[in-house]
Amino acid sequence: MCFYVESYKITFYCKTCIFSAMKNIEGAVVTAIGTPNIALTKYWGRRNADINLPYNSSLSITVDESLYTKTSVMFSDKLTRDYLFINAEEQDLNDPQNEKSVYTGRILKEMRSKAGMKSPAFVASYNSFPTAAGFASSASGASTLSFTVAKALGLELTNLEISTFCRKISGSACRSLFGGFAKWQKGEKDDGSDSYAEPVFDEKYWPEVIDVVTIIKANRKKVSTSEGHNRTPKTSLLFKARPAVAEDRTREIIEAIRVKDFDKMAEITMKDSNSMHATMMDSWPPIIYLDDRSIAVINAVHDLNASEGRNVAAYTFDAGPNPQIITLRKYEKKVLEILEPIAEKDKIIVAGQGSGPRLLKEGEGSLIDVDKLKPIPV
Ligand code: PMV
């Protein structure tokens, strides 16, 4: 069976029908929603920068639609080239300064050729949260884009297979293809065919685990993650020890989640965030994403855990100063209390676990004005 979209209607076709059905894909808009994930054991540094292969496996939680990316895709022979709009702003798919856009253009081409499609694509994407501020906006964006493009082209791909495409735009994105807890298997092969994400425990397994997302700074970061992924392995001596440690932690955290040992899971989460930021700071020139308020959150979480006699919360930071606090639903109030003196109330989002990207139904908010060939601003 393959998935195929006909004038906003989703239909199932057998594999051999796909080429005859192709003319109907033309001009149809497919829209999907996806969400970020937060890594509890982190991906930092790539052994192959061209196709984003990591040095170690990583484990994440996909968050619910409290934070989301919505993406609409249309293939049309009325277009003369591919277009990508993020938050209604056009992105240059050939800008060497914007690696993720260039990789997006490449993935569009790869997927289109896999489907035998000739027409250019119009892609409009909207993030409900700050872009490029260390909030995994690229994870949410790239996973939703790859998922929507695959559906729009009627490609018969599993989410695991889609994860290998979107990994090439943004490595961490591959984990957002699955709900709950997902693992990105680092793989061994040079062509990356065994470097994909897979589900570990779905969102119903341990739903008490939540993510308190705190926006301290929404500015675009000074050192892009792409630059950081390259600089750290080249210049940090500390980084030499990291891949083996992070690989062990990924194995251990999966075991802690399997037995629902929050104390252990939290300890590994905090240690791995600290370890990644230590290698960033050890890079040359140093990469410093945390600021004084990030450090205040780290101290406040340790104080809370000390007063509870065990870890009831864990901080983790991606490539930015914004903390994400992993806790259990019953400690949500206590976590909000410790954040109150540090962060503004309206900048704190409490997210549960999400279920991965999903297609929207006809009329559920396309982002493309088909007549004017323009994005529809949200
Ligand atoms: O996927 P990228 O290239 O945006 O890298 C992001 C890496 C971190 O967010 C810092 C860690 C992770 O595993 O998500």
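This is a conversation about why certain descriptions are used for a predicted model.

Visitor: Why are W44 and Y289 called an edge-to-face aromatic pair?

Guide: Ring centres have to lie within 6.5 Å to pair, and planes over 60 degrees apart count as edge-to-face. The rings of W44 and Y289 are 6.3 Å apart, centre to centre, with 90° between their planes, so both conditions are met and the name applies. By this rule the model has 11 aromatic pairs.

Visitor: What parts of the chain does the pair of W44 and Y289 link?

Guide: The pair links distant parts, because W44 lies in the loop between β4 (37-41) and β5 (46-48), whereas Y289 lies in the loop between α7 (262-281) and α8 (292-308), 245 residues apart.

Visitor: Why are W44 and Y289 described as buried?

Guide: A residue counts as buried under 20% relative accessible area. W44 has 2% relative accessibility and Y289 has 8%, so each of them counts as buried.

Visitor: Is D82, in the loop between β8 (69-75) and β9 (83-86), buried or exposed?

Guide: The relative accessibility of D82 is 13%, which is under 20%, and therefore D82 counts as buried.

Visitor: What makes the approach of D82 to R112 a polar contact?

Guide: The cut-off for such a pair of N or O atoms is 3.5 Å, and the side chains of D82 and R112 are joined at 2.8 Å, so the distance falls within the limit. A polar atom of the D82 side chain also lies 2.7 Å from the backbone nitrogen of A121. Leaving aside neighbours within four places in sequence, D82 is in contact with L93, L108, R112, P120 and A121.

Visitor: How do you know that β9 and β11 pair?

Guide: Two strands pair if at least two bridges are found between them; β9 and β11 (residues 121-127) have 4 bridges, in the parallel sense, and so they pair. F85, for instance, has A124 in β11 as its bridge partner.

Visitor: Why are β10 and β18 called edge strands?

Guide: The open sheet has 6 strands in the order β10-β9-β11-β8-β3-β18, with mixed pairing. β10 (89-91) and β18 (358-359) each pair on one side only, and that is what the name edge strand refers to.

Visitor: What makes the charged end of K260 count as sitting over the ring of Y205?

Guide: The charge must be within 6 Å of the ring centre and also within 35 degrees of the ring normal. The charged end of K260 is 4.5 Å from the centre of the Y205 ring, which satisfies the distance limit, and K260 is listed as sitting over that ring.

Technical notes
Residues numbered from 1 in each chain as written. Predicted model: local features only at pLDDT ≥ 70, side-chain atom pairs only at ≥ 80, totals over all residues. Heavy atoms only, no water. Phe/Tyr/Trp six-rings, centres within 6.5 Å; stacked < 30°, edge-to-face > 60°. Helix = DSSP H or I, 4+ residues; strand = E, 2+ residues; numbered from the N terminus. Buried < 20%, exposed > 50% of the residue type's maximum accessible area, 1.4 Å probe, protein only. Polar contact = N/O pair within 3.5 Å; in protein donor to acceptor, adjacent residues only side chain to side chain. Contact = heavy atoms within 4.5 Å.
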